[in-house]
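Reader: Could you take me through the aromatic residues of this protein in some detail? I would like to see how their rings are arranged.

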Amino acid sequence: MNRKMLVWILLCLIWGSTWMFIKIGVSLIPPITFAGIRFLIASVVLASLVFIRKLSLPRTRADWTLLLTTGILSFTLNYGLLFWGEARTTSGLAAILQTIIPVFGLLLAHYALPNEPMTWAKVGDVLLGIAGVVIIFVTQLHGEGPAALAGGAAIVVGAFCVAWSNVIIKARGTHMHPAVLAAGQMGFGFVPLLIAGWAIEGNPFAFHWTGAAAAALFYLALVGSCCAFLLFYWLLRRVEVTKTMLISLVTPAIAVLLGLWWLHEEITWYIVAGGICIMAGILLTIRSRKRVMHTVG
């Protein structure tokens, strides 16, 4: 097995396992505060890396504004809503709903990126993904109640926020080093999370920090954020973009299996059906993008 394949598999395992650790964490510590502390730790580690490697910091107001805007979208809103939502639903379902990100990306890119217009094929991909979300939501409303529905809706809104952030970065932020970009986004993103967490959930120093909560926190911060980020950008420089996108099809399956095995979560037909629709839409998007790349090349 070559190094690129090993890194690809490792990323699938890391990102597939983070959902289980999020569920463990938010079952012990209030979710917004838990998310804020995760990215406080991760941003300190990445900022240290930027300092050690003497990477260039943003020099213009536009770049700092971009970091602030995308940090709020990607980390404050996306992860705040994701952690809050997963506290009300299963880890496997949260992973499946979060895969809607590329579908939202197609819609937003049509308006923000002139080189990525909407086509009829993309419309079909979007509708297929949305159909999967609708299947899950309808059955949640009738079977699991309003709390689970609110949790799922929060995760989908968060997915829209991070898709919007990704489009902004692609349009105006590709000139920044990935480590600088991530450290800046996390740095701006964790502050509102901690403020909101303190106001809504209380003093984090008063929480009952068990060994399991601390282990989940540091796994998510160091492995799920810092290590995965560095591995992903190492891989992105060495393989086609479409191959990295395939990771998003594998991680939900790993999350569901870990939820079944470790957390004893239930898997129902609507989760399977909705997940198949969402991931089929993503797979068609990846195939379409690959055909375009081959045509251009």
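Author: Happy to; here is a walk through the aromatic pairs, followed by a look at their surroundings. Please keep in mind that this is a predicted model; the chain has a mean pLDDT of 86, with 91% of its residues at 70 or more.

The structure holds 13 aromatic pairs. One of them joins Phe39 and Phe75 in an edge-to-face arrangement, with 4.8 Å from centre to centre and 70° between the planes. Phe39 belongs to helix α2 (residues 31-52) and Phe75 to helix α3 (residues 61-86), so this pair ties together parts that are 36 residues apart in sequence. Phe39 is buried, at 1% relative accessible area, and Phe75 is also buried, at 9%.

Another pair, Phe160 with Trp164, is tilted: the centres are 6.4 Å apart and the planes make an angle of 55°. Both residues sit in helix α7 (residues 146-172), and because they are 4 residues apart there, about one helical turn separates them. Phe160 counts as partly exposed at 33% relative accessibility, and Trp164 is partly exposed at 41%.

Back to Phe39 and Phe75: together with Phe34, Tyr79 and Phe83 they form one aromatic cluster. Phe34 and Phe83 are also among the residues with the most contacts inside the largest nonpolar core, which has 76 residues. Helix α9 (residues 211-236) gives the most to this core, with 11 residues.

Phe75 has a polar neighbour too: Gln185 touches Phe75, and its other contacts include Leu67, Thr70 and Ser165. Gln185 is found in helix α8 (residues 178-201) and is buried, with a relative accessible area of 7%.

Technical notes:
Residues numbered from 1 in each chain as written. Predicted model: local features only at pLDDT ≥ 70, side-chain atom pairs only at ≥ 80, totals over all residues. Heavy atoms only, no water. Helix = DSSP H or I, 4+ residues; strand = E, 2+ residues; numbered from the N terminus. Buried < 20%, exposed > 50% of the residue type's maximum accessible area, 1.4 Å probe, protein only. Contact = heavy atoms within 4.5 Å. pLDDT = per-residue confidence, 0-100. Core = buried A, V, L, I, M, F, W, Y, C linked by side-chain atoms within 4.5 Å. Phe/Tyr/Trp six-rings, centres within 6.5 Å; stacked < 30°, edge-to-face > 60°. Lists of a residue's contacts leave out its neighbours within four places in sequence.
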